[in-house]
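Please open the model in your viewer with a cartoon representation, and keep the sequence panel visible beside it. The tour goes from the whole chain to a sheet, and then to a single residue.

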Amino acid sequence: MDQLELLWQYQQVDIEVERYEREMRANPNRQKLLKQRDFILDQQTVVKRIEGEVTVMADRLEALQDEVVRLRDAVSETAAALDAAPPQALSGVRENVSAFQKLLESITRYEAELHKMRKDAENRDKQQHEARVRAAKVKGEFDQLKAAYDTEYKDQQGALDKLKAQAQKAAEGITPAMLDHYNTIKRHSMPPMARLNEDRCGGCNMSLPSVVLHKIRSGSVTVECENCGRIILVRQE
Ligand SMILES: [Zn+2]
């Protein structure tokens, strides 16, 4: 049998293999599992993101707490200094009052920020907990469905292996170069071979130039459609 005829027969099995693989990918349980997996990964991303935020917040919280301690110490020191040497003039009293006010304002501001941060931290804890709960719930469903799908997949894989073995058998006698060529075309046009349909390519339906038609009919060389790149087969009747 001629190489192109062999390749054509191989293509029939190859189409079956491709079709079955598509069917396997479209399996509803597989699709559902992929969605659940993405959801679990999303929740893990949320947990990670919050962890990062909490680390940054913890650093800031520590700095703020140190700052408040420092300011309180400053207040005590200023008060002690005043006790030891009370100001004699009114201007001195005013200066001291103003310094106290500034220190107290800073303390109030920092404490407000601390309060807000503690609230934020609480919220994040809650969000993190919720994300973990959501992920755990879906993980349970995922594991159950996965067990069912694994059995299904094993059967499908068995059927696919059979088809692939058929394809391998059909490829016997075809030169490796020819198969390579077929697979190269397959990357952009599936199926890679087309029959000649009157003077048109059976794959893309473009009219073939008469020069090409002549080459095909002389049967001497492998001809490809200039439009889609498929190998054109002329059935020898
Ligand atoms: Zn074509």
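**The whole chain**

Starting at the N terminus, the elements of the protein follow the order α-α-α-α-β-β-α-β, which amounts to 5 helices and 3 strands; here helices (H or I, at least four residues) and strands (E, at least two) are DSSP runs, numbered from the N terminus. This is a predicted model, in which local features need pLDDT of at least 70 and side-chain atom pairs count only at pLDDT 80 or more, while totals for chains, interfaces and linings use all residues. For your selections, residues are numbered from 1 along each chain as its sequence is written.

With everything still selected, turn the C-alpha trace along its principal axes, where it spans about 125 × 45 × 25 Å. The radius of gyration of the protein is 39 Å, whereas a compact globule of 237 residues would have one near 18 Å (taken over C-alpha atoms, with the globule rule being 2.2 Å times the number of residues to the power 0.38). Of the 237 residues, 9% count as buried, a residue being buried if 20 or more other C-beta atoms lie within 10 Å of its own, exposed if 12 or fewer, and partly exposed in between, with C-beta atoms placed from the backbone.

**The sheet**

Next, select residues 193-197, which form strand β1, and then add β2 (200-201) and β3 (231-233). The 3 strands make an open sheet in the order β2-β1-β3, with mixed pairing; two strands are taken to pair if DSSP finds at least two bridges between them. Because β2 and β3 stand at the edges with a single partner strand each, one side of each is left without a neighbour in the sheet.

Zoom in on β1 and β2, which pair in the antiparallel sense over 2 bridges, and find N197 opposite R200 in β2. The hairpin of these strands has 2 residues between them, and in this hairpin E198 takes a positive phi near 55°. On moving to β3, you will find that β1 and β3 run parallel and are joined by 3 bridges, and that R195 has L233 as its bridge partner in β3.

**A residue in helix α2**

Finally, select helix α2 (residues 28-84) and pick out D66 within this helix. Is D66 buried or exposed? D66 counts as exposed, because it has 10 C-beta neighbours inside 10 Å. As a last step, draw a C-alpha to C-alpha distance from D66 to Q127: these residues are 61 apart in sequence and 28 Å apart in space.
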